[in-house]
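Colleague: I should like to go through this model with you in order, one question at a time. Please explain each term when it first appears.

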Amino acid sequence: MNTPTPAPATVPVSGSPVDGALAVAAIVVALLVAVWALVAALRHRSPDRVQFIGLAVLELLLLGLAVVTAVALTGGERPGEPGSFFGYLVTLVCLPPLAAVLARMEPTRWGSAIVCAVCLVTPVVVVRLQQTWEVLGG
Amino acid sequence: MAESHTARPRTNAGPGRLLIAVYLIFAIAASSRAAVQIATKFDEAPLAYLLSALAAVVYIVAAVGLARAGHAGRRVALACCALELAGVVGVGAFSLARPDLFPDETVWSGFGSGYGYIPLVLPILGLAWLLHTRRAAHRVSS
């Protein structure tokens, strides 16, 4: 908040790399997997193939987001709050693998609960990512 | 409850694994954030960034303690949850009373409001889970 804002240098209005179809797709996939996993958890089902495939698709979308960000960075664009932004980005890419590993270790309803929880956290982190990219205005 | 037939309640199975998952998420979030902040602009808010780093270490150790599930692991997890609760309440109160000391946010500022108050709820859940599994363990052994 009180951090000295860097001079609003040559920031192309083209906008944020984390605010596009990829981000929307990631949020939608994450929420779909979350609902699927929640139903599984409520029905006392262990994580099924659909959940693991969903996590894999989600991870691919998030890696795509990271690549798009890297391209934007090499193009000279900068996030508004670098500290938080890269923190969120690293966290984001780690989320689906974390869920997959723990869900495999826990072949009970709680494995599905883990997938559900992680997939609920993911959209929040994506939104925070977008917020920390564009703070240059205020 | 559902897994009443599986004897020996352990801190690293069932709901405990979900708790470990959330702890790991916070460990990653807090440590990557602290690493970037300390590396790029440590001078701006040294206290806040050191607290972020401390929070990160506590989350990591708590996750390991819960995952190890032994006597020592339980004790380590207990100490971490207590430290965490003290940290989030203390830093939360301090960040409201003396905002000048915290020019940049930490995981624990404003009682964890930047992270959906999960930092405040997490140690309480952790302590409850440790208590629950210990009671269950007593019932099994006696």
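Colleague: How many residue pairs are in polar contact between chain A and chain B, both at pLDDT 80 or more?

Modeller: This is a predicted model, in which local features need pLDDT (the predictor's confidence in each residue, from 0 to 100) of at least 70 and side-chain atom pairs count only at pLDDT 80 or more, while totals for chains, interfaces and linings use all residues. Residues are numbered from 1 along each chain as its sequence is written, chains are lettered from A and ligands numbered from 1 in the order in which they are written, and side-chain values use heavy atoms, leaving out hydrogens and water. A polar contact is a pair of N or O atoms within 3.5 Å; within protein, one must be able to donate a hydrogen and the other to accept it, and residues adjacent in sequence count only if both atoms are side-chain atoms. Between chain A and chain B, with both residues at pLDDT 80 or more, the count is four.

Colleague: Which helix gives the most residues to the side of chain A that touches chain B?

Modeller: Helices are DSSP runs of H or I with at least four residues, numbered from the N terminus. Helix H3 (82-105) and helix H4 (109-133) of chain A each supply at least two residues of this side. The greatest share, 13 residues, is given by H3(A).

Colleague: How many nonpolar residues does the side of chain A that touches chain B have?

Modeller: Ala, Val, Leu, Ile, Met, Phe, Trp, Tyr, Cys and Pro count as nonpolar, Asp, Glu, Lys and Arg as charged, and the others, Gly among them, as polar. This side of chain A has seven polar and two charged residues, and its nonpolar residues number 16.

Colleague: Which residues form the salt bridge across the interface of chain A and chain B?

Modeller: A salt bridge is a side-chain nitrogen of Lys or Arg within 4 Å of a carboxyl oxygen of Asp or Glu, and the rule finds one across this interface. One partner lies in helix H1 (residues 15-41) of chain B and the other in the loop between H3 and H4 of chain A, so the pair joins two chains. Both partners are buried, that is, under 20% relative accessible area, whereas exposed means over 50% and partly exposed lies in between (1.4 Å probe, protein chains only). With an N to O distance of 2.8 Å, the partners are B:Arg17 and A:Glu106.

Colleague: Is B:Glu84 buried or exposed?

Modeller: B:Glu84 lies in helix H3 (residues 71-97) of chain B. Beyond its neighbours within four places in sequence, B:Glu84 has contacts (heavy atoms within 4.5 Å) with residues including B:Tyr23, B:Trp108 and B:Leu122. Because its relative accessibility is 0%, B:Glu84 counts as buried.

Colleague: Is A:Thr74 buried or exposed?

Modeller: A:Thr74 is found in helix H2 (residues 49-74) of chain A. Because its relative accessibility is 72%, A:Thr74 counts as exposed.

Colleague: Over which residues of chain A is the pLDDT below 50?

Modeller: Chain A averages a pLDDT of 88, and 87% of the residues score at least 70. Beyond near neighbours in sequence, the stretch in question has two contacts in the model. Where pLDDT is low, the predicted coordinates should not be read in detail. In chain A, the pLDDT is below 50 over residues 8-13.
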